[in-house]
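Let's take a walk through this structure, one region at a time. Keep the viewer open so you can click along.

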Amino acid sequence: MNPKREDLIPTDDPSIFSYEGRLYHVPRSFRMKLAYLLFGAAVLALGVWFLKDPALAALVGSIDEGRIVRIVKAVPGGEDQTVRHRRNFHEERDRSITFRHFVEVRENGLPRALRLSVDSRVKPYANINDRFQVSHRPGAEIAFQVWHIRTWGIGILYVVIGIAFLGMGIPMLLAVGKPILIDPDAPADSADQKPKP
């Protein structure tokens, strides 16, 4: 059983203490570790926020086959161009140009055009009459590609990073101020070893 913090005797290193001939490390920096934990929680929350809409659309909305019916080329400071017929697209050099994709789905037996949740730059990622499994909620203006990394990728990335930060941050925060026995058989740091003659 580790000793109490008040029973430890300080050494030359401010985070190393001794007690009954043994050395103990006492982690410090509560505020820094708390900030690390809060940052992880914020990243996780951001990932959940990114995943919320496509997840709700897939779980409580409708999943249908959607057909691309138009692509809108949005040029900043210029007029939008709408493409309604299948054609070859060339890569744009101006990376500020975006392409918005619209799919037609059936809602209450009637056709309805919804904008896909992810736009593209340089060139469209789909063409007119391409078909996708899409999810959407009644009355919504946005549809989500159900089985595509484009829909889920950023959210999943942030969730994984947030979980990793929390997985490391919680034990670090809980260890602050608690003595941890240093293995007496552990080799000394190379900086502490005297050079051999």
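What follows goes from a helix to a pocket, then to some helix pairs, and ends with a few spots in strands and loops.

Before you zoom in, keep in mind that this is a predicted model. A good place to begin is helix α2, residues 149-175. Helix α2 has 27 residues and spans 38 Å from its first C-alpha to its last, close to the 39 Å expected at 1.5 Å a residue. Just past the end of α2, look for Gly-177, which takes a positive phi of about 80 degrees.

Now look at which side chains of α2 are tucked away. The buried ones are Thr-151, Gly-153, Gly-155, Val-159, Gly-162, Leu-166, Gly-169 and Leu-173. If you wonder about the spacing in that list, an α-helix has 3.6 residues a turn, so residues three or four places apart point the same way. And what covers the buried residues of α2? The cover includes α1 and β10.

Thr-151 is worth a closer look. This residue sits in helix α2, and it counts as buried because its relative accessibility is 12%, where the cut-off for buried is under 20%. A polar atom of the Thr-151 side chain lies 2.7 Å from the backbone oxygen of Gln-145. Setting aside residues up to four places away in sequence, Thr-151 touches Pro-54, Phe-144 and Gln-145.

Two of those names, Pro-54 and Phe-144, turn up again along with Thr-151 in the lining of the second largest pocket. How much space lies in that pocket? About 300 Å³. Three elements each give two or more residues to its lining: α1 (30-60), β10 (142-145) and α2 (149-175). To trace the wall yourself, select Trp-49, Phe-50, Asp-53, Pro-54, Ser-117, Val-118, Ile-142, Phe-144, Arg-150, Thr-151, Ile-154 and Gly-155. Sorted by class, the lining has seven nonpolar, three polar and two charged residues.

Next, follow α1 and α2 together and check a few pairs of residues across them. Gly-155, one of the pocket-lining residues, has its C-alpha 7.5 Å from that of Leu-46, although 109 residues separate the two in sequence. Leu-46 belongs to helix α1 and is partly exposed, with 34% relative accessibility.

Leu-34 is also in helix α1, and at 29% relative accessibility this leucine counts as partly exposed. Its C-alpha is 8.7 Å from that of Ile-170, with their positions 136 residues apart along the chain. Then there's Val-48, another α1 residue, which is partly exposed at 48%. The C-alpha atoms of Val-48 and Gly-162 are 9.9 Å apart, for a sequence separation of 114 residues; Gly-162, remember, is among the buried residues of α2.

You can also start from the other helix. Met-168 is in α2 and counts as partly exposed, with a relative accessibility of 45%. From the C-alpha of Met-168 to that of Tyr-36 is 9.1 Å, and the two are 132 residues apart along the chain.

Time to leave the helices. In strand β4 (residues 62-74) you'll find Lys-73. Is this lysine buried or exposed? Lys-73 is buried, with a relative accessible area of 16%. The Lys-73 side chain makes a polar contact of 2.8 Å with the side chain of Glu-92. Leaving out neighbours within four places in sequence, Lys-73 is in contact with Glu-79, Asp-80, Gln-81, Glu-92, Ile-97, Thr-98 and Phe-99.

Finally, swing by two loops with a backbone quirk. Asn-108 has a positive phi of about 55 degrees even though it is not a glycine. You'll see Asn-108 in the loop between β6 (98-107) and β7 (110-116), where this residue counts as exposed at 77% relative accessibility. Val-122 isn't a glycine either, yet it has a positive phi of about 70 degrees. Val-122 is in the loop between β8 (120-121) and β9 (131-136). Here the accessibility tells another story: Val-122 is buried, with a relative accessible area of 13%.

How values were computed
Residues are numbered from 1 along each chain as its sequence is written. Side-chain values use heavy atoms; hydrogens and water are left out. On a 1 Å grid over the protein atoms alone, a cavity is a set of points where a 1.4 Å probe fits but cannot get out, and a pocket is an open set with protein on both sides within 12 Å along at least five of seven lines; lining residues have an atom within 4 Å of a point. Grid points are joined across faces, edges and corners, and a volume is the space filled by probe spheres set on the points. Helices (H or I, at least four residues) and strands (E, at least two) are DSSP runs, numbered from the N terminus. Ala, Val, Leu, Ile, Met, Phe, Trp, Tyr, Cys and Pro count as nonpolar, Asp, Glu, Lys and Arg as charged, and the others, Gly among them, as polar. The expected span of a helix is 1.5 Å times one less than its number of residues. Buried means under 20% relative accessible area, exposed over 50%, partly exposed in between (1.4 Å probe, protein chains only). Contact means heavy atoms within 4.5 Å. A polar contact is a pair of N or O atoms within 3.5 Å; within protein, one must be able to donate a hydrogen and the other to accept it, and residues adjacent in sequence count only if both atoms are side-chain atoms.
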